[in-house]
There are 2 protein chains.
Amino acid sequence: MPKIVDRQEQRRRIGAALLRLAAEQGLDQVSVRTVAAACGRSAGAVQKYFSTKEDMLVFAAEMAGERIEERMALVDTGLPLRQALHELILTTLPLDEERRAEAAAQLAFAVHAAHHPRLGAIRRQVDDDVKQALVAWLETAACPAPAATADAVIALSDGLALRMLYAPEQHAPLLAALDHALDTLTAVGRQVGGG
Amino acid sequence: MPKIVDRQEQRRRIGAALLRLAAEQGLDQVSVRTVAAACGRSAGAVQKYFSTKEDMLVFAAEMAGERIEERMALVDTGLPLRQALHELILTTLPLDEERRAEAAAQLAFAVHAAHHPRLGAIRRQVDDDVKQALVAWLETAACPAPAATADAVIALSDGLALRMLYAPEQHAPLLAALDHALDTLTAVGRQVGGG
């Protein structure tokens, strides 16, 4: 089915252009016209693959969600809990150009999701998947309150990324804050779990 | 100087309309035209007070920043640390319509700030002020690592608000996550500070 494969590949290229544009200029600069320009096509050519701007946004948000889950799968779960959590969160923080682009797009979608039910549904699904995986790690390490800890880790990670995007001069103190928060969140695990 | 006072009052009314619009529909729906419509004026009448959309955004972002600092000032700092932090964070979470509107506008500005240096400068100033006040609370309670704890509390608060906006069904587990994170962050203070 070369045609179907090609169609999906074309959609992914347009989605990637949308994510780059959102990362570089913000989601308010995203339209069928600007995305088309960013990937060297006409608006009509883009509309062959996405009939509305919202369809295009939803597709790109799904691509962005997949990347989070791919990154999560790359973390060595054989590592001690504290270290595995640290590695995972570092992959989501805007500490270089690639992660900056991803974090900017993710957070723009998250804010947009408050007003767009389809984007909200995608974010909630990604959060649920990440939370479920974190809870499994935390349970394996006998950390108490695994669900609450997982939600706190997700919130901490999003909040740090948000601030790092507009305050790059704060990267060092914010990384220190991450270290401190993970020390305290996983220290409770060691005390109560007896590890 | 009644004219100057009136001018400032008119600017604040337009700023408030912008914040409402950003909260209800998102910052991508904000323009001189839509803000003018939201406060029953012509675009020309709004432009008498703000020459560009960016000037209007910056003014509204400053208003939003003032509200955070006003709220912070209302928390009774005579409360035990854990309780004072909890009360402060609850004022920033979208748990009713008023706080939902404020959180939505704040987070929209935060994401926008990554691409707009003037908005970034306002956010950094507000963060610095909040951090300084939190550090003073934490030091009074003999909490170790006050700077790192303050940054972690700010990140946690932003991250929880972000997710609550698009996942209202998660309010209860996210409040449990807040409780757990504050327990662990301030428990370290009790152990090391000996309080």
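Biologist: Is the crossing in which α7(A) passes α8(A) left-handed or right-handed?
Modeller: This is a predicted model; local features need pLDDT of at least 70, side-chain atom pairs pLDDT 80 or more, and totals for chains, interfaces and linings use all residues. Residues count from 1 along each chain as written, chains are lettered from A and ligands numbered from 1 in written order, and side-chain values use heavy atoms, without hydrogens and water. With the near helix turned clockwise from the far one by less than a right angle, α7(A) crosses α8(A) in a way that is right-handed.

Biologist: How are α7(A) and α8(A) oriented to each other?
Modeller: Helix α7 of chain A spans residues 117-140 and helix α8 of chain A residues 146-166, with axes 9 Å apart and an angle of about 125°. That angle is neither over 145 degrees nor within 65 to 115, and the two helices are therefore oblique.

Biologist: How many residues of the contact of α7(A) with α8(A) are charged?
Modeller: α7(A) contributes residues including A:Arg123, A:Asp127, A:Lys131 and A:Glu139, which meet α8(A) residues, among them A:Asp151 and A:Asp158 (heavy atoms within 4.5 Å). The contact also holds nine nonpolar residues and one polar, and its charged residues number six.

Biologist: Why is α6(A) largely enclosed by the rest of the structure?
Modeller: Helix α6 of chain A covers residues 97-113. Among its buried residues (under 20% relative accessible area) are A:Leu107, A:Phe109 and A:Val111. The enclosure follows because the buried residues of α6(A), out of 17, number twelve.

Biologist: What percentage of chain A is buried?
Modeller: Chain A has nine helices and zero strands. Of its 195 residues, the buried part is 53%.

Methods: Helices (H or I, at least four residues) and strands (E, at least two) are DSSP runs, numbered from the N terminus. The expected span of a helix is 1.5 Å times one less than its number of residues. Buried means under 20% relative accessible area, exposed over 50%, partly exposed in between (1.4 Å probe, protein chains only). Axes are lines fitted to C-alpha atoms, for helices over the stretch in contact, and angles run from 0 to 180 degrees between N-to-C directions. Angles under 35 degrees count as roughly parallel, over 145 as roughly antiparallel, 65 to 115 as roughly perpendicular and the rest as oblique. Ala, Val, Leu, Ile, Met, Phe, Trp, Tyr, Cys and Pro count as nonpolar, Asp, Glu, Lys and Arg as charged, and the others, Gly among them, as polar.
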